[in-house]
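Please walk through this protein with the sequence and the 3D view side by side. The paragraphs below take the sheet before the helices and end with two single residues.

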Amino acid sequence: RAFEFGPDLSAKVLLHQRALVGRQETSVDVALASDRAELLSQAWAFDLKQVQDLQVRIQAWNYLVGRIRDGGGRLRSRAGSEPELAIPPDVRISVLFAPPKTSDGAVQLSIAREGWAKLGVESFEEERARDLVDAAHLG
């Protein structure tokens, strides 16, 4: 929904994509692309009562982001109906997250942010969705 704030970006918005490196893949909630991926964005919720399996999902996502950073990848629609697009290693990657409501959630967010920082992933709290869109304009 954040990209609804940027109507000039709407032609580039691709929803519900898959990022692939070799046979490994992960979800991408929103991508901006023209002839190649320009921005990948994923949403995470840390405001859950049970966050144990969230960290496993984030670690798996971070692993694939690391592989993209090492050599690029491919972007494909979940339905597989659109042509694949290249994901360059230096693609902008961001996450939008719902802040935690528990101490466990706060710990998991801290761990996730550490990994995102090492991978060059920008993180935005959900109330800063507009900042994510503004950053996309600058990219």
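Two strands count as paired if DSSP finds at least two bridges between them. With that in mind, take Leu32, whose bridge partner in β3 is Leu39. This pair belongs to the contact between β2 and strand β3 (residues 37-45), which pair in the antiparallel sense over four bridges. A hairpin of three residues makes the connection from β2 to β3.

The model is predicted, and its confidence should be read before its details. Mean pLDDT for the chain is 87, with 88% of the residues at 70 or more. Confidence is highest in β5, at 97, and lowest in helix α3 (residues 129-138), where the mean is 70. Over residues 1-5 the pLDDT stays under 50, and the model has 14 contacts beyond four places in sequence for this stretch.

Now the sheet as a whole. It is open and has seven strands, in the order β5-β4-β1-β2-β3-β6-β7, with mixed pairing. The edges are held by β5 (85-87) and β7 (121-125); each has a single partner strand, so one side of each has no neighbour in the sheet. From one strand to the next, the twist averages 40°. Strands of a sheet pair through backbone hydrogen bonds, in either a parallel or an antiparallel way.

Strand β1 (residues 13-21) runs antiparallel to β2, and eight bridges join them. One can be located at Leu14, whose bridge partner in β2 is Ala31. The two strands form a hairpin with two residues between them, and in the turn Gly22 has a positive phi of about 60°. Strand β2 (residues 24-33) is mostly covered, with seven of its 10 residues buried.

Towards the β5 edge, strand β4 (residues 73-77) is joined to β5 by three bridges, and the two run antiparallel. Here Gly73 has Ile87 of β5 as its bridge partner.

The helices come next. How do α1 and α2 lie relative to each other, and at what angle do they cross? The axes of α1 and helix α2 (residues 103-118) come within 11 Å and cross at roughly 5°. Angles under 35 degrees count as roughly parallel, so α1 is roughly parallel to α2. On the α1 side, the contact is made by Gln55, Ile58, Trp61 and Asn62, which meet Gln108, Ile111, Ala112, Gly115 and Trp116 of α2. Sorted by class, the residues of this contact are five nonpolar and four polar, with no charged residues.

Two residues remain to be placed. Arg57 lies in helix α1 (residues 52-71). Is Arg57 buried or exposed? Its relative accessible area is 43%; because partly exposed covers the range between under 20% for buried and over 50% for exposed, Arg57 is partly exposed. Arg57 and Trp44 are 13 residues apart in sequence, and their C-alpha atoms are 9.8 Å apart in space.

Ser77 is found in strand β4. Its relative accessibility is 9%, so Ser77 counts as buried. Neighbours within four places in sequence aside, Ser77 is in contact with His16, Gln17, Arg18 and Glu82.

How values were computed:
Residues numbered from 1 in each chain as written. Predicted model: local features only at pLDDT ≥ 70, side-chain atom pairs only at ≥ 80, totals over all residues. Heavy atoms only, no water. Buried < 20%, exposed > 50% of the residue type's maximum accessible area, 1.4 Å probe, protein only. Axes fitted to C-alpha atoms, helices over the stretch in contact; angles between N-to-C directions. pLDDT = per-residue confidence, 0-100. Contact = heavy atoms within 4.5 Å. Parallel < 35°, antiparallel > 145°, perpendicular 65-115°, else oblique. Nonpolar A, V, L, I, M, F, W, Y, C, P; charged D, E, K, R; others polar.
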